[in-house]
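Trainee: I am new to this structure. Please take one part and go through it closely with me.

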Amino acid sequence: MLSIKNLKAKIENKEILNGINLEVKPGEVHAIMGPNGSGKSTLASVLTGKDGYEATAGEVLYNGQNLLELSAEDRAREGIFLAFQYPVEIPGVTTTNFMKTALNEIRKSKGQDPMTAGEFLKRLKDKAALVELDPELAKRYVNVGFSGGEKKRNEIFQMAMLEPKLGILDETDSGLDIDALKIVANGVNKLRNKDNAFIVITHYQRLLDYIVPDFVHVLYKGKIVKSGTKELALQLEDEGYDWIKEEVV
Amino acid sequence: MDLKSKLISEYKELEKTLTPGIARDEAIAAFESVGFPAKKNEEWRFTNIAPITNGSFTVRTDSAIGRKEIEKYKEYNFDANVIVIHNGHYNGELSKIHNTDSKIIIGNLFDAKNIKSAAVKNHYGKSALAAADGFTALNASFSEAGVFVLVKKNARPEKPLIILNITDSNDTMSNTRNLIILEDNAYADVSEVYYSENKNVSNCVTEIFLSENSELHHNKIQNDGIESFHVGTTSVHQEKSSRLYSSVISWGGAFIRNTLNSLIDGEGIDCYFRGFYLAKENQFIDNHTLADHAKPASHSNELYRGIIDANGSAVFNGKIMVRKDAQKTNAYQTNNNILLSDEASANAKPQLEIFADDVKCSHGATTGQINEDEIFYLRARGIGESEARKMLLSAYAREVIDEISFGQMRELVSARLEEKLSS
């Protein structure tokens, strides 16, 4: 599904990613861990096409297409979803209207007709239940006045609504208490199937107790320096990142 | 001959034919003395009126408009009372007033029975003073058409009122004048709608008196063509516990200057000023507002938002005055401008003059671009960039437009907004 080869990227002339290699297949969950400043969020931004994040070398193939040539909206239409670390507040736009527009723009790009009002409302209700989000929240302006936990839950709700092929969770666990974390993880687990994949970016192992990854990668100084299975995450939890840093040196 | 002299001599020629009963001679004398506002006048500092004063405009206008033409205007067909004013002439034949309540008067201000009535005598020219500025003085000199609304104690018209102002004459200046009086506990919903094409000046004055516990929803919607000039003053006097909901939507015309004042002259008053303006190629839109708190324990709340594109420009000047006696005043004001191009400009000037010590007042003004993080957030969900921009601009404007309480009008304005943001 996703094949990243020797990806290098910079922001404002500062090299952040120094040759990333990663293969993600349908049905897999990959966790990317690493100390602060290792390039985790930059990788998410480069994969989703944020302006200002410039790939300088390497390639990213997504279902055989050169991902880096696509606009942010086209990546989303092709099934890539980013759950933001810091979800944006959008006054004046309700979550309902936002999701309706997004779904219909995605459908339009595939030559499909807009969803009927009935279909849309059913999906909205079902998916809100999936992430235990009060459907009333969807009538409010996107994230305006939401608590940190509600914002993160709203990200997972949007992911459920759009049913992406590749979901990228950027530090979705940050700022969540344990109950909210369980709800978010539970939502992600319900969305997992053999055809989709997830990249879970996190600083802490805690989330991975609930979203159990198939692979764990450690990002350090813009490179994946170690890959393993879920046991690697536990080792990092116990021993911290220092031994990794020493190994790299 | 310059415009000032031309208009004064037109007054001398027309004097005998103008409806008597109002202080026209005093008004033209005031105009002769103050003239058109100069740039050194603080209230007109950012407002270049040379395109008007360099023109040769006459107050002599003709009106001929048929039912077919007027029916093209969507507002004409709304479920409302509609008064048609064409080229500054009141058209009774095309106007539609459904009113059987003797406690409500809706008609031409300059009909003999209205202009001579005690209510008009007591209120006409009392809020918008002819001596205040040259445009108001000109209006008081020449006005021959306009709407009179009197809603007596406890009454409420069944339908909203639309004053449909259509101007298509060339090189003319029309001076329309409205007077709205709500007695105690009365209610009204009045929309002034403007459509103009060709090169002309609309110089409009509306005076509003709100007695105790009355409520007025007042909309001014400016859809003028790109050659038109509009100078308008809305002057409100609010008494105890009255409520004013004003919405001003401006997206037409070469030049717009709106002055909106409310004298908050009692306790427990609510005064809401809402405005949205969209200035594009070669357009100038200027809004001057004043919330004048003269008595204690009242509330004013103002939100004006603008979008300025191409070489358009906008001025917002909002003043909150809290006089010495107006303790416990709550007064808030916000002005936001979004500039869509490098040549677009906005001048925002909030002014607070507070002479009481126990008040809550705040103001904030911002000028900037669309937030790129918001754009990316929408794009990351599959929404195309231009659609994302449109969505955000629309949301920004709708926070103002959604407060228009007359449903059909609000929907029409919203639909126009979408059209304008798409073009």
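Mentor: We start with one helix of chain A, then turn to the contact between the chains and the domains of chain B. Keep in mind that this is a predicted model.

Take helix α1 of chain A, residues 40–48. Eight of its nine residues are buried, so the helix is largely enclosed by the rest of the structure. Buried here means that 20 or more other C-beta atoms lie within 10 Å of a residue's own. The buried residues are K40(A), T42(A), L43(A), A44(A), S45(A), V46(A), L47(A) and T48(A). After α1(A) comes G49(A). The phi of G49(A) is positive, near 85°.

Now the contact between the chains. Chain A gives 19 residues and chain B gives 17. On the chain A side, four elements each supply at least two residues: α2 (72–77), β7 (90–94), α3 (95–109) and α5 (148–162). By class, this side of chain A has ten nonpolar, four polar and five charged residues.

Chain B has its own internal contact. Its domain assignment gives domain 1 (3–265) and domain 2 (371–423). Taken over C-alpha atoms, the centres of these two domains of chain B are 31 Å apart. In chain B, 14 residues of domain 1 are in contact with ten residues of domain 2. On the domain 1 side, strands β7 (187–196), β9 (215–222) and β11 (243–250) of chain B each supply at least two residues. That side of domain 1 of chain B divides into six nonpolar, four polar and four charged residues.

How values were computed:
Residues numbered from 1 in each chain as written. Chains lettered and ligands numbered in written order. Predicted model: local features only at pLDDT ≥ 70, side-chain atom pairs only at ≥ 80, totals over all residues. Contact = placed C-beta atoms within 7 Å. Nonpolar A, V, L, I, M, F, W, Y, C, P; charged D, E, K, R; others polar. Buried ≥ 20, exposed ≤ 12 C-beta atoms within 10 Å, placed from the backbone. Domains from an automatic or database assignment.
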